[in-house]
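Visitor: I should like a close look at a single part of this model. Please describe the pocket and its surroundings in one connected account.

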Amino acid sequence: MNFPKDPVMLLSVVNTALRDYYSSFDALVEDNEVDGDEIIAKLAMIDYHYDPEKNKFK
């Protein structure tokens, strides 16, 4: 999966993938072989943080 560079678009893609295909952020990162810390940092720039209980960034 290609992840967008724009943080707002990234948020949409990641949350959709988490909702539809992955039980956790770690599973998404592992399956797509991406840098989870980079995604977390990029989404933190727009004040979104991962909530493991809800399995989404909010």
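Guide: In this predicted model, the largest pocket is lined by F3, P4, K5, L10, V34, D35, E38, I39 and K42. Its volume is about 160 Å³. Sorted by class, the lining comprises 5 nonpolar and 4 charged residues, with no polar ones. Helix α3 gives the most to this lining, with 3 residues.

The packing of helices α1 and α3 can be considered next. Helix α1 spans residues 7–20 and helix α3 residues 36–44; their axes lie 9 Å apart and form an angle of about 120°. That angle is over 115 but not over 145 degrees, so the two helices count as oblique to each other. Their crossing is left-handed.

On the α1 side, the contact is made by P7, L10, L11 and V14, which meet I39, K42 and L43 of α3. The residues of this contact comprise 6 nonpolar and 1 charged, with no polar member. Three residues link the two descriptions: L10, I39 and K42 take part in the contact between the helices, and L10, I39 and K42 are also among the residues that line the largest pocket.

How values were computed:
Residues are numbered from 1 along each chain as its sequence is written. This is a predicted model: local features need pLDDT of at least 70, side-chain atom pairs count only at pLDDT 80 or more; totals for chains, interfaces and linings use all residues. Side-chain values use heavy atoms; hydrogens and water are left out. Axes are lines fitted to C-alpha atoms, for helices over the stretch in contact, and angles run from 0 to 180 degrees between N-to-C directions. Helices (H or I, at least four residues) and strands (E, at least two) are DSSP runs, numbered from the N terminus. Angles under 35 degrees count as roughly parallel, over 145 as roughly antiparallel, 65 to 115 as roughly perpendicular and the rest as oblique. A crossing is left-handed if the near helix is turned anticlockwise from the far one by less than a right angle, and right-handed if clockwise. Contact means heavy atoms within 4.5 Å. Ala, Val, Leu, Ile, Met, Phe, Trp, Tyr, Cys and Pro count as nonpolar, Asp, Glu, Lys and Arg as charged, and the others, Gly among them, as polar. On a 1 Å grid over the protein atoms alone, a cavity is a set of points where a 1.4 Å probe fits but cannot get out, and a pocket is an open set with protein on both sides within 12 Å along at least five of seven lines; lining residues have an atom within 4 Å of a point. Grid points are joined across faces, edges and corners, and a volume is the space filled by probe spheres set on the points.
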